[in-house]
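Me: Could you take me through this model carefully, one question at a time?

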Amino acid sequence: MLRRVSLVMTLAFVVSTAGVLVAQSPSYAGSKGRRNTMYGLAGVTIWQALEGKTTNAILGGVGTAIAYHQYKKARKKEKRLANARYYSSLRRGRSYYHPTRRYRRVSYRR
């Protein structure tokens, strides 16, 4: 009986530790998620200001400003990567399947 309890406790410890480690792994949010976070923080800031809680409103405003900065940075990075992807595909030429050859590159440059 004691051995079984010890096994269950060890298993519970391993599962909870794995859960903590997974939860601490970095998450990569896109610009849309960052924009939604910014809007949520702005709403909380406005609500706290209307309630008369100035300290919470000031802290919410700082958080909103930081979220806005991160959103703009993520949006700029996404645009830059999209442009690079588009122009590099034009430079390389598009790939088309050909039955005798695996892929044939077709370049549109002259």
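**Helices, a salt bridge and a surface patch**

At 34% relative accessibility, E78 counts as partly exposed, a class lying between buried (under 20% relative accessible area) and exposed (over 50%), with a 1.4 Å probe and protein chains only. The model is predicted, so local features need pLDDT of at least 70 and side-chain atom pairs count only at pLDDT 80 or more, while totals for chains, interfaces and linings use all residues. Residues are numbered from 1 along each chain as its sequence is written, and side-chain values use heavy atoms, with hydrogens and water left out.

Me: Which residue forms a salt bridge with E78?
Reply: A search of the whole structure finds one salt bridge, the term meaning a side-chain nitrogen of Lys or Arg within 4 Å of a carboxyl oxygen of Asp or Glu. The two partners are three residues apart in helix α3, and therefore separated by about one helical turn. The partner of E78 counts as partly exposed because its relative accessibility is 35%. With the closest N and O atoms 4.0 Å apart, the residue that pairs with E78 is R75.

Me: What is the pattern of helices and strands along the sequence?
Reply: Helices (H or I, at least four residues) and strands (E, at least two) are DSSP runs, numbered from the N terminus. The protein has three helices and two strands. Read along the sequence, they follow the pattern α-α-α-β-β.

Me: How far apart are the end C-alpha atoms of helix α2?
Reply: Helix α2 covers residues 31–51, which is 21 residues. The expected span of a helix is 1.5 Å times one less than its number of residues, so α2 should span 30 Å. The model agrees with this, as the end C-alpha atoms of α2 are 30 Å apart.

Me: Which exposed residues does α2 carry on the face turned away from its buried side?
Reply: The buried residues in α2 are S31, M38, T45 and Q48. They lie on the same side of α2, because they cover an arc of only 105° around the axis, taken from the directions from the helix axis to the C-beta atoms. The face turned away from that side carries the exposed K32, Y39, I46, W47 and L50.

Me: What percentage of the 110 residues in the protein is buried?
Reply: The protein exposes about 9,900 Å², of which carbon and sulfur atoms supply 61%, with areas from the Shrake-Rupley method and a 1.4 Å probe. Of the 110 residues, the buried share is 12%.
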